[in-house]
Amino acid sequence: MKLTTHLVSAPLHTPFVTALRTATHAESLLVELSDGELGDGELSGWGEAPQVWKVTGDSLAGSKACIEGPITAALDGLGPDDLTEALRRVQGAAVGNFGAKDAVDVALHDLAARRRGQTLHGFLGSTVDVVRTDMTLSVGDPDALADTAKARVADGFDVLKLKVGTDATGDIERVRRVRDAIGPEPRLRLDANQGWTRRDAVTVIRALEDAGCAIELVEQPVAAADLDGMAWVTDRVGTPILADESVYGVRDLVAVIRQGAADLVNVKLAKCGGLAPARTLLELAREHGLGAIVGCMMEGHVGVGAAAALVSAYPTTAVNDLDAAWWLREPAVTGGIRYDGSLIHLPSAPGLGVTGLRS
């Protein structure tokens, strides 16, 4: 097998602002994994490693070095049909580097599906070709957020995620304004991105509960390492708490379960290292009665397409958070998923349906 990397930077049609950063481009490292067949019979699988300085710490340069160094070395001697062993070797090739592992893991799955003439979601065991996503509203002033929320509902999104965590007092006003603007029907969830203290989190969430804002869930209210604090919040509010940055792998999820720190977990391929570990996390959460959604980083049609295929085969307990590629002005690749309001349509072509880089 041959691994080739491609650096891409896709501009967003609107800046994306969170408590951690402001993004104007989705910067990723695309991985192309070819099966080495001669002539026109060569097939390629695709994967994506996003740059996530503020969450995983993964950089494009670091992912490229990891893929072209230890991961390539680990795959030496294996063929495209040695999927199970290849996936095991990818995870053991380096410490951390989850984005790099994710990209190669997905490319291996994509290539395996293509070689069998199956879609990726079909290869994972599903015939479901449409999945739903929420839509994220980035941080902004109350008037702008209210207007944007109404526009996104008009676009067909009935689950909105509001970024909070920059100012506890102001967060209450922003959420109330958004709820007033969209009415009672659309679901509204919050993502604090670790921005609150435990006491601020309880104060804000209780105030919104008392105001009848009908918040579906609150994501990562406190610092990722503060499981005691998140458990403290979970015990004191009625609104479900979703763990995101607190959970990368199995050990993290086990700790959340043992401490009762959250009601749900957000599984992201770029946090855990790909489809194989993501399936393990989803099954573990289900066995322990923990809710789950699948999310994504600021990534494109390759990464989101893989996450959508996972959701197709492993249904979650709430609407997933897979809107990232919607923000792109133009995809970096041809083919793959497409958006229709809150619906993501999976391709009917083999694998991820990606046919190449956009020129």
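Is Trp327 buried or exposed? Select Trp327 in your viewer and keep that question in mind. This is a predicted model, where local features need pLDDT of at least 70, side-chain atom pairs count only at pLDDT 80 or more, and totals for chains, interfaces and linings use all residues. Residues are numbered from 1 along each chain as its sequence is written, and side-chain values use heavy atoms, with hydrogens and water left out.

**Stop 1: the aromatic rings**

Trp327 is buried, because its relative accessibility is 5%. Buried here means under 20% relative accessible area, exposed means over 50%, and partly exposed lies in between, with a 1.4 Å probe and protein chains only. Now add Phe16 to the selection; at 9% relative accessibility, Phe16 is buried too.

Aromatic pairs come next. Rings of Phe, Tyr and Trp (its six-membered ring) pair if their centres lie within 6.5 Å; planes under 30 degrees apart are stacked, over 60 edge-to-face, and the rest tilted. By this rule there are 4 aromatic pairs. One of them joins Phe16 and Trp327 edge-to-face, at 5.0 Å centre to centre with 80° between the planes. This pair links distant parts of the chain, 311 residues apart: Phe16 sits in strand 1, and Trp327 in the loop between helix 12 and strand 12 (333-335). Helices (H or I, at least four residues) and strands (E, at least two) are DSSP runs, numbered from the N terminus.

Show Trp326 as well. The ring centres of Trp326 and Trp327 are 5.6 Å apart and their planes stand at 85°, so this pair is also edge-to-face. Finally add Phe157: Phe16, Phe157, Trp326 and Trp327 form one aromatic cluster.

**Stop 2: the largest cavity**

Keep Phe16 selected and look for enclosed space. On a 1 Å grid over the protein atoms alone, a cavity is a set of points where a 1.4 Å probe fits but cannot get out; a pocket is an open set with protein on both sides within 12 Å along at least five of seven lines; lining residues have an atom within 4 Å of a point. Grid points are joined across faces, edges and corners, and a volume is the space filled by probe spheres set on the points.

The whole structure has 3 cavities of 30 Å³ or more. The largest holds about 290 Å³. Of its 22 lining residues, select Phe16, Lys163, Lys268, Cys296 and Met297, which lie nearest the centre. Its lining has 9 nonpolar, 3 polar and 10 charged residues. In these classes, Ala, Val, Leu, Ile, Met, Phe, Trp, Tyr, Cys and Pro are nonpolar, Asp, Glu, Lys and Arg are charged, and the others, Gly among them, are polar.

**Stop 3: the second largest cavity and Glu48**

The second largest cavity contains about 80 Å³ of space. Its lining has 14 residues, with Glu48, Gly300, His301, Leu328 and Ala332 closest to the centre. Strand 2 (22-34) is among the elements that supply at least two lining residues, and strand 2 gives the most, with 3.

Zoom in on Glu48, found in strand 3 (residues 44-50). With a relative accessible area of 5%, Glu48 is buried. Its side chain makes a polar contact with the side chain of Ser28 at 2.6 Å. Such a contact is a pair of N or O atoms within 3.5 Å; within protein, one must be able to donate a hydrogen and the other to accept it, and residues adjacent in sequence count only if both atoms are side-chain atoms. The Glu48 side chain also reaches the backbone nitrogen of Gly300 at 2.9 Å.

**Stop 4: the largest pocket**

Turn now to open space: the largest pocket holds about 260 Å³. Select its lining residues, including Gln91, Phe98, Tyr248, Arg251 and Leu281. Helix 9 (250-259) is one of the elements giving two or more lining residues, and helix 9 gives the most, with 3.

**Stop 5: Ser312**

End with Ser312 in helix 12. Ser312 is buried, at 6% relative accessibility. The side chains of Ser312 and Ser126 make a polar contact at 2.7 Å. Beyond residues up to four places away in sequence, Ser312 is in contact (heavy atoms within 4.5 Å) with His121, Ser126, Val128, Val131 and Leu346.
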